[in-house]
Amino acid sequence: MSSGPGSDPHLLGLLRAIRLRQSAPDAAEAGAADTAAALSEIGEAAPKAKAAARSEQPVAAPATPATPADPPPPPSASADSPGPRPPAGSELLWRGGQGAVLGRSNLGASGRGPGRPDRASAAYGVPVSRVNPITGVNPSGPVGPVPIVPGVAAPRPIGPTGTEFPSVTPAEYAAHFARTTTRQNLASDGMDPGDTTALRDTQRLLSTSLTFAGGVDEVAGRLWTALLQARPDLLTSLPGTEDSQREQLARALTWLVHRLDDPPALVAGCAQLGAALAECGLQWNQLQMVGAALAEATRAGMAPGVWRQDFDQAWRWTWQHVYEWLVHGGTLIAYQPTVWETEVIGHELRRPDLAVVRLRPFLPMPWRPGQYARFEVDAVPGIWRPYSVAGAPQLDDVIELHVRAKTETGVSGTLVYDTRVGDRVRVSRAEGEMVLPAEPGRGILMIAGDTGVAPMKALLAHLAAVRDPRPAVLFWGVRNLDELYDVDALMELSRLAPRATVVPVVSEGDPGPYPSGLVTDAVAAYGEWSRHEVYLAGPPLMLASTILALRELGVSSARVHHDAPE
């Protein structure tokens with residue numbers, strides 16, 4: 001829509017009324033009246049305009065692209081704001097409220113200008129889609145499935161057709177697109193170039209405001225403090241310590257700003273985060289005030305007079321849509337289990353056939369000490385193997401696996417022999433009921449064999465982290481001293497916990513400073529266990545013999561906890 005001498009004054013009046021309603025919500029009634037009047041005048045003038053058009057020879061003119069020197073108005077701009085107007089054919093409409101969209105005038109019913117075929121999506125290797133980049137609604141109906149990206153796991157269906165989200169991270173999508181496409185002179189994934197320009201304008205506002213506010217780390221720190229004061233239950237629902245949560249907030253803000261001009265990756269990433277937050281037990285009303293808290297955390301770091309209204313509106317507008325995508329992602333857990341993408345941050349070969357692998361999830365992953373999860377590696381797609389999780393969610397956001405290779409290939413062999421720092425491993429939601437009891441008066445007896453010590457290490461770490469005063473004893477049965485691959489870490493945890501003891505038991509060879517014989521004999525000789533909660537983990541034969549021995553010692557089967565062997 002041109003704003004020059006030949007422009008339709010009635011349609012320009014309609015556009016001004018829309019902008020007025022957006023920039024001044026309290027003037028909604030006046031805006032609605034102006035809009036109705038403008039529409040009425042357009043209806044009366046339409047026949048005259050058509051008659052006049054028949055007498056004129058149409059002249060084709062190329063569309064004038066938006067340039068940095070002549071950008072579209074930011075979210076805070078109103079019709080009466082000073083400054084340059086958008087170039088001809090690029091009247092940008094910012095529509096606020098629920099379901100807000102970005103669009104441009106005179107694009108036609110499909111959201112495209114004349115002569116703009118849907119070719120950009122094909123250049124990216126994804127199906128052509130007219131999904132609105134902000135609302136996620138496709139007026140043409142569902143599109144075909146996302147094709148498999150070379151080197152990336154196949155998409156998993158989530159919900160009914162048309163609601164699928166890819167099971168890859170935005171970084172993997174970006175890396176694939178960067179290798180296979182050129183974005184010059186192409187619309188981003190089928191978007192109109194004007195939409196891309198508007199998103200990049202908002203992206204610049206967010207990035208500039210973070211810089212003026214002291215950087216993303218300082219903003220994340222102030223945001224964490226504000227959330228702690230306003231909604232402490234929100235932070236206590238998430239795993240990790242204060243420092244690890246601040247780091248996650250900083251990484252999330254950085255990712256959000258960098259991905260704002262890539263709606264497909266942004267929507268997919270927010271959906272994955274929404275699913276993770278729902279798994280953590282968050283209620284969506286806990287997140288409603290995050291946008292205002294984020295804007296305030298940014299403003300508080302600026303010098304007087306630096307904060308601008310367009311900064312505030314850019315953050316609130318961005319959070320409004322992020323919130324909607326988070327909620328949508330949270331509903332997807334009803335269709336399929338949530339999967340967390342993790343990065344290997346540590347790999348130690350403790351024995352020729354055993355490794356301790358440390359993973360950091362990219363998104364918050366809830367789990368309780370003593371539980372296990374299922375893991376998938378790229379080398380064996382579709383095969384998930386259960387492993388107990390060591391560590392404590394109260395200490396950090398890192399999970400630890402103790403893996404003994406059963407074969408040279410498969411999931412266990414890959415984790416032991418072919419996994420390196422930086423590799424990706426996928427994790428399912430945590431399972432199992434082998435968690436600490438709520439009764440504070442009962443002691444804790446733990447009996448482990450081989451890598452069954454991993455869940456016991458998680459229980460010990462929890463006792464140390466929360467300073468639990470209950471008495472706890474861990475018996476770790478091994479064949480020889482070489483199998484005590486993690487004894488130093490266990491001894492350190494027992495010193496940190498108020499009343500914990502670790503007793504290694506060696507069945508063959510020189511026992512060194514530890515008791516020798518069967519672990520069940522050592523348990524029977526140590527004391528009386530009828531008033532303890534008992535936790536077992538190890539090979540199936542060891543579990544069966546230990547259960548029988550505990551029954552003879554008078555321990556009720558209701559007090560014995562272990563996961564079913566697989």
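Arginine 374 is partly exposed, at a relative accessible area of 21%. The model described here is predicted. In this model, the side chain of arginine 374 meets that of glutamate 431 in a salt bridge, at 3.0 Å from N to O. Arginine 374 sits in strand S5 (residues 372–377), while glutamate 431 lies in the loop between strand S8 (424–428) and strand S9 (443–449), so the pair ties together parts that are 57 residues apart in sequence. Glutamate 431 also counts as partly exposed, at 27% relative accessibility.

## Salt bridges

Side chains of opposite charge can pair when their charged atoms come close. A search of the whole structure turns up 29 salt bridges. Three of these pairs are set out below.

| Pair | N to O distance | Relative accessibility |
|---|---|---|
| Glutamate 431 and arginine 374 | 3.0 Å | Glutamate 431, 27%; arginine 374, 21% |
| Arginine 426 and aspartate 378 | 2.6 Å | Arginine 426, 4%; aspartate 378, 48% |
| Glutamate 242 and arginine 246 | 2.9 Å | Glutamate 242, 39%; arginine 246, 23% |

Which parts of the chain does the pair of arginine 426 and aspartate 378 link? Arginine 426 is in strand S8, and aspartate 378 is in the loop between S5 and strand S6 (385–388). These distant parts of the chain are 48 residues apart. Arginine 426 is buried, because its relative accessibility is 4% and the cut-off for buried is under 20%. Aspartate 378 is partly exposed at 48%. The pair also belongs to a network: salt bridges with shared partners join Glu341, Glu376, Asp378, Arg424 and Arg426.

The pair of glutamate 242 and arginine 246 is local. Both residues are in helix H8, four residues apart, so about one helical turn separates them. Glutamate 242 is partly exposed, with a relative accessible area of 39%. Arginine 246 is partly exposed as well, at 23%.

## The helical core

The largest nonpolar core has 38 residues. Val219, Leu234, Leu282, Leu287, Trp315, Trp319 and Val322 touch the most other members. Several helices each supply at least two residues of this core: H5 (193–212), H6 (216–230), H7 (232–236), H8 (242–259), H9 (263–279), H10 (290–299) and H11 (309–331). Which helix gives the most? H11 does, with eight residues.

Leucine 282 shows what such contacts look like. Leaving out residues up to four places away in sequence, leucine 282 touches Leu234, Ser237, Leu238, Leu277 and Leu287. Another core lies apart from the largest one. That second core has 30 residues, among them Leu436, Leu463, Ala472 and Leu474.

## Helix packing around H11

Two packed helices are described by the angle between their axes and the distance between the axes. The axes of H9 and H11 come within 6 Å and cross at roughly 55 degrees. H9 is therefore oblique to H11. The crossing of H9 past H11 is right-handed. From H9, the contact residues are Leu266, Val267, Cys270, Ala271, Leu273, Gly274, Ala275 and Ala278. They meet Val322, Trp325, Leu326, Gly329 and Gly330 of H11.

H8 packs on H11 as well, at an angle of about 95 degrees and with the axes 13 Å apart. That angle makes H8 roughly perpendicular to H11. Leu253, Leu256 and Val257 of H8 make the contact with Trp315, Thr318 and Val322 of H11. Val322 thus appears in the H11 contacts with H9 and with H8.

## Isoleucine 447 and glutamate 552

Is isoleucine 447 buried or exposed? Isoleucine 447 is buried, with a relative accessible area of 1%. This residue is in strand S9. Beyond residues up to four places away in sequence, isoleucine 447 touches Met456, Phe475, Val519, Val523, Val534, Tyr535, Leu536, Ala537, Met542, Thr546 and Leu550. Isoleucine 447 and leucine 543 are 96 residues apart along the chain, and their C-alpha atoms are separated by 9.2 Å.

Glutamate 552 is in helix H16 (residues 540–552). Glutamate 552 counts as exposed, at 70% relative accessibility. Its C-alpha atom is 9.6 Å from that of alanine 524, and the two residues are 28 apart in sequence.

Technical notes. Residues are numbered from 1 along each chain as its sequence is written. This is a predicted model: local features need pLDDT of at least 70, side-chain atom pairs count only at pLDDT 80 or more; totals for chains, interfaces and linings use all residues. Side-chain values use heavy atoms; hydrogens and water are left out. A nonpolar core is a set of buried Ala, Val, Leu, Ile, Met, Phe, Trp, Tyr and Cys residues joined through side-chain atoms within 4.5 Å. Buried means under 20% relative accessible area, exposed over 50%, partly exposed in between (1.4 Å probe, protein chains only). Contact means heavy atoms within 4.5 Å. Axes are lines fitted to C-alpha atoms, for helices over the stretch in contact, and angles run from 0 to 180 degrees between N-to-C directions. Angles under 35 degrees count as roughly parallel, over 145 as roughly antiparallel, 65 to 115 as roughly perpendicular and the rest as oblique. A crossing is left-handed if the near helix is turned anticlockwise from the far one by less than a right angle, and right-handed if clockwise.
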